[in-house]
Amino acid sequence: MIKIENVGVSKENKTILAAISVTLTEPRIGIIGSNGSGKSTFAKLLNGLERATTGAVFVNDAPIGKNNKTALGKVGFVFQNPDNQIVFPIVVEDLAFGLKKSGLSKQQIQSRITTYLEQFGLRHLLERRTHELSGGEKQLIALIGVLLMEPEIIVLDEPTTLLDLRNRSILLKLLAELPQKLIIVSHDLALMAEMDRLLWIENGNIHQDGSPEAVISAYRQFAESES
Amino acid sequence: MLTSTYYAGQSFLHTTRPLFKVLALFLVCTLLFVFDTWFVLTPICLAVFGLYGIAGIPRSEILLALRPAFWMLLFIFIVQIYFESLQLASFVILRFVTMILAASLLTLTTKTSDLIAALEQFFNRFLPEHIAETISLAFSLCFRFIPLVRQTFDEVTEAQKARGHHKDWRALATPTIIRTLKSADEISQAIIARSVETSHLSAANERRDREHS
Amino acid sequence: MAEVTIRNTVLMALFAAIMAVLGAFPNIPVPGIPAPITAQSLGVMLAGGILGARYGALSLILFLILVAAGLPLLSGARGGFAVFFGATAGFLFGWVIAAFVIGLLIEKFWNRLNYFSAFLACIIGGIIILYAIGIPWVAYAAKIPLGKAFWGSVAYIPGDLIKAAIASVVIVAVAKSYPIIQSK
């Protein structure tokens with residue numbers, strides 16, 4: 001469960017998020033909004049990449065802050081561009097990176113990596129160079145890098161924008177089967193329609209909050225009236 | 001681009017610890033400058049050639065190692081003969097040849113990855129843990145960034161070509177640098193997001209292990 | 001690791017990689033001089049001018065370690081320990097100092113940074129300081145009188161001036177749109 005209490009973010013005197021309060025309990029939560037609406041900042045608040053100027057964020061009742069790294073470990077974050085999430089030149093090195101501070105032994109790390117790769121049928125990528133992977137493979141490796149750390153909640157920023165149709169459907173099928181709670185920021189309205197709850201963020205505020213059908217149709221009307 | 005000139009083999013030179021070889025190299029080259037005479041240079045030069053034989057490295061590799069320095073050495077040789085003497089010219093050139101071959105021998109008998117691993121081990125031992133970790137992260141990131149920078153440069157080149165700028169340095173350099181800086185900042189964020197403590201994993205693992213036994 | 005350290009580490013690695021990519025650019029061979037003109041001294045100016053003294057110098061140390069480890073990242077696909085024992089090794093070590101000095105000057109000029117002051121910084125660090133280290137090194141290692149070693153290097157100055165001009169344009173553009181030095 002994520003609880004956001006009166007959270008505001010401002011940078012250089014510009015308000016990016018006004019005081020927002022919301023409690024997220026549903027297993028699949030979507031976030032939509034225009035470019036620059038503050039939705040990316042909202043997503044990054046959830047794992048401490050952005051810090052609240054005012055208010056506080058709680059993950060399972062533990063506040064996220066500098067002194068609470070366990071809470072951060074419970075929230076995984078998948079970035080929009082896997083090229084910027086994959087840090088190491090070889091797949092196995094990259095996957096091992098997140099597990100460095102887990103206290104697992106080298107062998108445990110190795111076996112965990114192979115187990116996860118096998119589970120997604122990607123064992124053959126183990127020793128590959130990361131910059132030679134296809135776009136779809138990169139996105140999956142970035143996701144596996146997060147799954148390996150067994151977070152309770154996963155935040156995904158625009159997971160489908162860089163994928164072709166085939167890879168999109170592979171990813172969506174995979175996401176649907178995950179036991180973790182998901183919070184997905186996306187412009188992909190077809191994907192957003194399948195969420196349990198949808199937040200629409202506009203001008204740093206939660207503009208609407210409710211069932212996907214209601215929020216999407218209001219969002220469509222808004223977008224068309226603006227243009 | 002990322003392959004060194006390692007020449008596989010089983011000789012004692014291949015199996016000696018990398019840092020020991022580095023140390024020996026510096027020692028030998030210091031000797032060559034401190035004792036500035038043929039009496040020191042000749043035996044060391046012969047020893048280096050002998051070591052090439054022991055390491056089983058073919059003569060063609062020796063020529064390859066010297067090729068990049070060829071024009072520079074020729075230039076120095078001519079200048080020395082012109083202003084000084086043939087004897088001094090040959091001494092200076094032979095000293096360069098000896099040093100370059102000794103250094104190349106190190107590269108030929110040591111894998112890059114082993115050398116970097118040895119260096120990391122060295123840092124781990126003598127530096128605080130977080131500094132050693134930062135250094136080894138920096139090494140890995142370099143390998144990650146080389147293809148990224150090249151790809152970004154190619155994309156910018158293509159975009160500028162489409163706009164009619166051909167090989168205009170200003171139109172290429174600035175956008176390439178700014179785009180890679182932005183990527184670098186996102187990678188920093190990803191590293192921060194991914195290097196959080198996940199000690200619950202080992203706790204869960206121990207529980208699993210206990211249940212199994 | 002603190003967040004600041006991670007960002008600086010990433011930026012250091014980025015500029016070491018930029019040096020490597022510049023090394024793969026084709027050399028411009030100039031008849032009459034023994035070493036070709038390369039794009040890499042541009043990388044030295046950019047590292048110092050964009051990252052500042054400390055991290056600019058560190059990024060070059062990182063790059064030189066990779067070269068020493070055997071990777072052929074220097075222009076003309078040169079690499080390995082041998083390059084540090086040739087006649088021009090002083091210029092390689094000089095890169096570290098040059099980046100540091102350029103960074104220092106850019107930091108000093110920061111509040112009134114323009115093309116001219118950036119150009120000046122690149123010339124002082126990337127040409128004057130660099131040559132002041134590289135030329136005596138050649139003279140000592142090759143037993144050539146200092147004056148003659150200097151005249152042997154004059155041919156590179158026009159190329160280096162062009163690179164300083166390009167670097168100053170990039171340094172000022174980055175300072176305006178994506179400053180790194182200020183945000184430290």
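**Briefing: a sheet in chain A and a helix pair in chain B**

In this predicted model, strand 3 (residues 28-32) of chain A runs in the parallel sense beside strand 8 (residues 181-185) of chain A, and the two are paired over 4 bridges. Both belong to an open sheet of 6 strands in chain A, whose order is 6-7-8-3-9-10 and whose pairing is mixed. In chain B, the features described here are helix 2 (residues 18-34) and helix 7 (residues 112-126), whose axes come within 9 Å.

**The sheet of chain A**

- Strand 6 (75-78) and strand 10 (205-210) of chain A are at the edges of the sheet, and because each has a single partner strand, one side of each is left without a neighbour in the sheet.
- From one strand to the next, the twist averages 20°.
- Where strand 3 pairs with strand 8 of chain A, A:Gly30 stands opposite A:Ile184.
- Helix 8 (residues 212-226) of chain A lies across strand 3, strand 9 (197-202) and strand 10 of chain A, and its direction is at about 30° to strand 9 of chain A.

**The helix pair of chain B**

- The axes of helix 2 and helix 7 of chain B cross at roughly 90°, and these two helices are therefore roughly perpendicular to each other.
- Helix 2 of chain B contributes B:Pro18, B:Leu19 and B:Val22 to the contact, while helix 7 of chain B contributes B:Asp114, B:Leu115, B:Ala118, B:Leu119 and B:Phe122.
- Sorted by class, the residues in this contact between helix 2 and helix 7 of chain B are 7 nonpolar and 1 charged, with no polar residues.

Conventions
Residues numbered from 1 in each chain as written. Chains lettered and ligands numbered in written order. Predicted model: local features only at pLDDT ≥ 70, side-chain atom pairs only at ≥ 80, totals over all residues. Heavy atoms only, no water. Pairing = 2+ DSSP bridges. Axes fitted to C-alpha atoms, helices over the stretch in contact; angles between N-to-C directions. Contact = heavy atoms within 4.5 Å. Parallel < 35°, antiparallel > 145°, perpendicular 65-115°, else oblique. Nonpolar A, V, L, I, M, F, W, Y, C, P; charged D, E, K, R; others polar.
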